[in-house]
Amino acid sequence: MKRRLDLNGDAKRPREETGSPTQDAKKQKSVQTKVNPHNQKPYSQNYYKILEKRKLLPVFEAEADFVQLVKEYQVVILVGETGSGKTTQVPQFLVNAGYARKGSKMVACTQPRRVAAMSVSKRVADEMDVPWGQEVGYSVRFEDNTGPNTILKYMTDGMLLREAMSDPKLDRYSVIILDEAHERTLSTDILFGLFKEILPKRLDLRLVVMSATLETEKFQTYFDNAPLMNIPGRLFPVEMYYTPEAERDYVEAAIRTVLQIHCCEGPGDILVFLTGEEEIETAVWRIDADAKEAVAQGKATMELRALPLYGSLPPQAQSRIFDDLPQTPPTRKCVVATNIAETSITIDGVVYVVDPGFSKQKVYNPRIRVESLLVSPISKASANQRAGRAGRTKAGKCFRLYTEVSFNRELTEQTYPEILRSNLGSVVLQLKKLGIEDLVHFDFMDPPAPETLMRALEQLNYLGALSDTGDLTEYGAMMSEFPLDPQLAAMLLNSPKYKCACEALSIVALLSVPTVFFRPRERARVADECKAQFTHANGDHLTLLNTYHAWKTAGESQSWCQDNFVNQRAIKSSDSVRTQLERIMKRFNLSLESTPFSSREYYPNIRKCLLSAFYMQSAHREAQGHYTIVKDAQVVKLHPSCVLSTKPDWVVYNEFVLTKENYIRTVTDVEPEWFFLCAPHYFDLDAFPSGEVKNSLQRLRRKMIKEGQLKEEEE
DNA sequence: CTAGGTGTA
């Protein structure tokens, strides 16, 4: 039987009824003496001010019951909707209960996003009346704000996973809280499986899984019928509206709905969910135009200002959504956003939500080994999360641009977990490093398709990270230390051999951030002309390298970025990545010595090194002028952003982009001879499908043998 | 003729 503890009904019951008399006496006493047990200082005024607000949180009353559950059970599941206060309060319950002590084990709470880890830890430090970074801190990539006194640590789930690689039993923690578990990020899912392995070996360790939604049965079953505690959320009511019939064009319908709200509904801002940058920019433009017309025709009494919001928008433009709009004339705000407004960015003051029911979602096709983004219907959980955005400050309304029947019957309960939609190359590498030998029997909450696992194992075996028996090689163990995709890590590890480690570091860092080339639609031509200054005849990778060097030469100047249409945020962040990767390379004593720039081999060495890791992603130009992927025969085109004007016969590419067409993006010209020299095991031509690629490689191979560049092998 | 948003000692 599953144990459930439901606080929905009696969340407001007075404290006296729950705690024992002695406990209450102790509490009373500590309040009277007014001393902070963490630093023996008297509590500040601010502490009491915040305390009053904390007492109003629905979760506040649950402390004693929750702590009791954690005492009794190794795993506890806690469900609390938005506004319950679980993220800030639950970790403090555990600290108060003595689960964390200075110089001993800590309480950790993971978050999927770094901003959340940072901001929540600040809030909790204030609540506990201690300096941020002392007793309470955070740890995210590039930033560790913790110290020897830290007893409560907020961190990203990815960071905890990294820690597990060197601390396989997570010995420094007494309790770990996995927050936002319903989001099912790749890292959370791996951690789930990892805890299944660790918990029996660490009977003193406690795990608290916190989630905002319904899939509680699944969580309970997975964690051996762990007890479940329910905390009510605290949102204002949101009235739901559905369309009577399905809409054919959801963008049109969304724009129309915004105008209807604007003309017919009372004051309050509007939030519209669309799927991507282009869609959003078009909609913003249309909404502004249509609203002007409505005002001119006297249909609307207020002005309307539409504002875009998506991740690739510069921070300054993003923050415009928080600006107050003029009171005269009275103006209503309409934010048109991607999924970023579903979880990452909260906009208070939103009263109306328009939800067409779609988002772009990653899908992985193991057959052609390609990840792509597809506009897909959202899940019920996601739809409810969107609706909740209307009820944060007062009662609101949500307009769903689909029928109630399709909400009930067609939407899935939960978004498909990311682990089922991803290339698992780096996941498998991480799991192997974590000591999981048998991946097939690893206890995933949702096991990935066997074909996806096979593809990952095959890829890692080709790269030399796994032996033929599937064991992690020494090279693979080194690869796993880099926070990178396997090919990128391989490129770094191979770079000393090609005497281009510095250049490889720069290129790899630039490939792990969003593109540094800024290209606003209205100034696309100027932007392209600026990019042309950095163009290298051999392709995009070296063009990236040129851009990076130009930025460094210009003293990393902000105005230089503006003048040259370079995304400053992206290039700066690539520089932090580069520093981190360089540190790891130095730790492995890898030579950072470079080929002199004056040498004729400078650029060829970099291209060879690139090929030594990306040979599985190479393409050949066919007689008709299009490219086909080597060993795969998939027809592809060079992406329009590609700088190669000469259409070389052989290229290596960074990614396969599947949109209206099949594109390969970030492409570099390579010499076919290098295939046999850099990746002989992969270019075993007997394993190739017959066709133009095989024929021309066979001719080349014979020529190379004749000229003594290649040794003849047995037939 | 140009892919969302998260994230990693």
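## A buried tyrosine pair

Tyr43 and Tyr47 are both buried. This report describes a predicted model, and the two tyrosines introduce its aromatic contacts. Across the structure, the count of aromatic pairs comes to 28. In one of them, the rings of Tyr43 and Tyr47 are stacked, with 3.6 Å from centre to centre and 10° between the planes.

## An edge-to-face pair and a ring cluster

A second example has another geometry. Phe676 and Phe683 form an edge-to-face pair, their ring centres 6.4 Å apart and their planes at 75°. Phe676 has a relative accessibility of 5%, and therefore counts as buried, the limit being under 20%. Phe683 is likewise classed as buried because its relative accessible area is 2%.

These two phenylalanines also belong to a cluster linked by ring pairs. The cluster contains Tyr462, Tyr615, Trp650, Phe675 and Phe676, together with Tyr682, Phe683 and Phe688.

## Helix 16 and its surroundings

Helix 16 covers residues 425–433, and 8 of its 9 residues are buried. The buried set begins with Gly425, Ser426, Val427 and Val428, and continues with Leu429, Gln430, Leu431 and Lys432.

Several other helices contribute to the cover over these buried residues. Among them are helix 7 (157–166) and helix 8 (186–198), as well as helix 17 (450–463), helix 18 (474–480) and helix 19 (486–494). After helix 16 comes Gly435, which has a positive phi near 90°.

## The chain as a whole

Chain A holds 27 helices and 24 strands. Its C-alpha trace extends over about 95 × 70 × 50 Å along the principal axes. For 715 residues, a compact globule would be expected to have a radius of gyration near 27 Å; the value for chain A is 28 Å, and so agrees with that expectation.

Of the 715 residues in chain A, 53% are buried. Contacts between residues at least 6 apart in sequence were also examined: 72% of these join residues at least 24 apart.

## Surface and charge

The exposed area of chain A is about 33800 Å², and carbon and sulfur atoms supply 50% of this area. The charged side chains of chain A comprise 91 positive and 93 negative ones. The centres of these two sets are 3 Å apart.

Technical notes:
Residues are numbered from 1 along each chain as its sequence is written. Chains are lettered from A and ligands numbered from 1 in the order in which they are written. This is a predicted model: local features need pLDDT of at least 70, side-chain atom pairs count only at pLDDT 80 or more; totals for chains, interfaces and linings use all residues. Side-chain values use heavy atoms; hydrogens and water are left out. Helices (H or I, at least four residues) and strands (E, at least two) are DSSP runs, numbered from the N terminus. The radius of gyration is taken over C-alpha atoms; the globule rule is 2.2 Å times the number of residues to the power 0.38. Buried means under 20% relative accessible area, exposed over 50%, partly exposed in between (1.4 Å probe, protein chains only). Contact means heavy atoms within 4.5 Å. Accessible areas come from the Shrake-Rupley method with a 1.4 Å probe; for residues, only the protein chains shown count as cover. Lys and Arg count as positive and Asp and Glu as negative; His and the chain ends are not counted. The place of a charge is taken as NZ of Lys, CZ of Arg, CG of Asp or CD of Glu. Rings of Phe, Tyr and Trp (its six-membered ring) pair if their centres lie within 6.5 Å; planes under 30 degrees apart count as stacked, over 60 as edge-to-face and the rest as tilted.
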